[in-house]
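I opened my notebook to record what I looked up in this structure, entry by entry.

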Amino acid sequence: MKQLYKQTKTKWLLLFFAVVAFASCKVEHLTPAKESVKDISGDWVVISATRNGTDLMSLVDFSQFKLSFKDGKYTLVNRLPFLVSKDGSYSLDDPQYPFKISFTATGSPAVATAFTYPIVNGVRQLTLTFSPGCPNNTYVYTFKKAN
Amino acid sequence: MRSFLQIKIKGRGLWYVCTMLVMGIVITCCSIQNFTVDQPDTAVVGSNVDFKVHFKFSNIFADRTENFVFGFLVPKGWDAAHNTKIKYTSTAGNGNLVLMPNTTLEPQGNGLNWPASMKKKFGIGGNLIDDMEWVVYQSDVGFPLSNGEAITADLTISVKVGADGNNTLCKLGYVIAESYDGLKDPDSFLDGGEKYEYYAETITSCFQLTGGPGDVVDFCNPQLSSYDPPKTLDNDFFTITYDGNVATTPLNNAAAVYLCATGNTSDGKSITVCEQTAKTKLTQTAAGSNRYKITLWPHQFFGLSDAQTLTNMTYYITDASGSTRVGYGNTTAPFVYTFKCK
């Protein structure tokens, strides 16, 4: 009789612990994280450049060229052939999910190009494609933030 | 005991029948024969020139309706698609060729359209400047072909040549094919062992345009000086290559070579940059190659204002003293390059 009582008590204890264990589980409420606004402020330098698919970095010194973004404006330092030839303002078509970036040089109409902003080896890169001269010549500059 | 020989003969007969059946299924169409091209050696820029093509289109084994296809390799500067009319006369009727839609895939092209497939297969026909294009046409109607039938056709390709105004020397290319088989390579086992050609291709000798207002642009012969890209404006990066191997020039043993150039602007100014410094020095492409190149941003090189643009530049290649110069065709006349896109 004592044996039976002990077995029953064990079963109830196990059940009790099981219920307590499940009850202690916290239900996690998942809320979607808000997509960050893309902030490209800062100084960007060219890390790779091509013209019609062939490398330009070995032909041209890009080390002095800088593209700076601040408070809706951009400046070109030691400029080289680019989408625009003068400083001015810029905008993204959608601050959270940008597909296009527009540059409006002072006194000129806006020019836009695809906004390619991948993370490569943990670091943001900015890749822009444009034709500064003949439309059939395609240039691709990839920028990284200057240190 | 059954004769081994008997069995062997039976097997051979069956094998022959099976082979012919399989061949009958696999073999699709037609052979291009008697392919000839008739073109002049020279023409005046802006004139209408007739290029003539003759071929025979033989159909064996298959009953099918097909268009015949014509590909034309020409300089991009001719804008051939807008400056060409092609008529055909044939034993199956007369008509016009129409431009092949860019969406039509070449049957052997693994997803490429006809112009891209021709460029991949035939390149740019041995021309030395990559500024050529394959323009592709097809007959305006399909031809219903039946087993054993043949069609003989003549094309007259009327082109207003030299739309870009340049006195171009180039090799032209011609391809005849049909819409079903495309650029299929010859089968060697067909028709009693005779090679079967599904397409025919030829590149002509150098064709020369004269009398135009533009530059002499030579696609045929190696040049002392060449450009990448071939067409630029002053806001492009522009690479000039000087190839000292093309001819024996006074610069043959120069330790270093330099650019001596004059830029002519849209507002009538001439700016000369003729210093033998790091700014104008050409870099040898590899040690001992005797090929040198320099990449400029012409707008900056000539110190232009934002309002100015360059229309052309004339230049020499010089030694470090600046007194030994090489010009166009290894003469004392300068090289001339015009900044334009077409």
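**Contacts and cores**

I began with Phe70(B), and, leaving aside its neighbours within four places in sequence, I found it in contact (C-beta atoms, placed from the backbone, within 7 Å) with Ile86(B), Leu97(B), Tyr137(B), Leu155(B), Val175(B) and Ile176(B). I kept in mind that this is a predicted model, in which local features need pLDDT of at least 70, side-chain atom pairs count only at pLDDT 80 or more, and totals for chains, interfaces and linings use all residues. I noted that residues are numbered from 1 along each chain as its sequence is written, while chains are lettered from A and ligands numbered from 1 in the order in which they are written.

Next I looked up the largest nonpolar core, meaning a set of buried Ala, Val, Leu, Ile, Met, Phe, Trp, Tyr and Cys residues joined through C-beta atoms within 7 Å, where buried means that 20 or more other C-beta atoms lie within 10 Å of the residue's own, these atoms being placed from the backbone. This core has 46 residues, and Phe70(B) is among those with the most contacts inside it, as are Phe72(B) and Val136(B). Apart from it I found another core of 42 residues, including Val46(A) and Leu259(B).

**Strands of chain B**

I then followed strand 7 (residues 95–99) of chain B, which pairs with strand 6 of chain B in the antiparallel sense over two bridges; strands are DSSP runs of E, at least two residues long, numbered from the N terminus, and two strands pair if DSSP finds at least two bridges between them. Strand 7 of chain B is also joined to strand 8 of chain B by three bridges, again antiparallel, and there Leu99(B) has Tyr137(B) as its bridge partner.

Technical notes
A residue is buried if 20 or more other C-beta atoms lie within 10 Å of its own, exposed if 12 or fewer, and partly exposed in between; C-beta atoms are placed from the backbone. Two residues are in contact if their C-beta atoms, placed from the backbone, lie within 7 Å. Helices (H or I, at least four residues) and strands (E, at least two) are DSSP runs, numbered from the N terminus.
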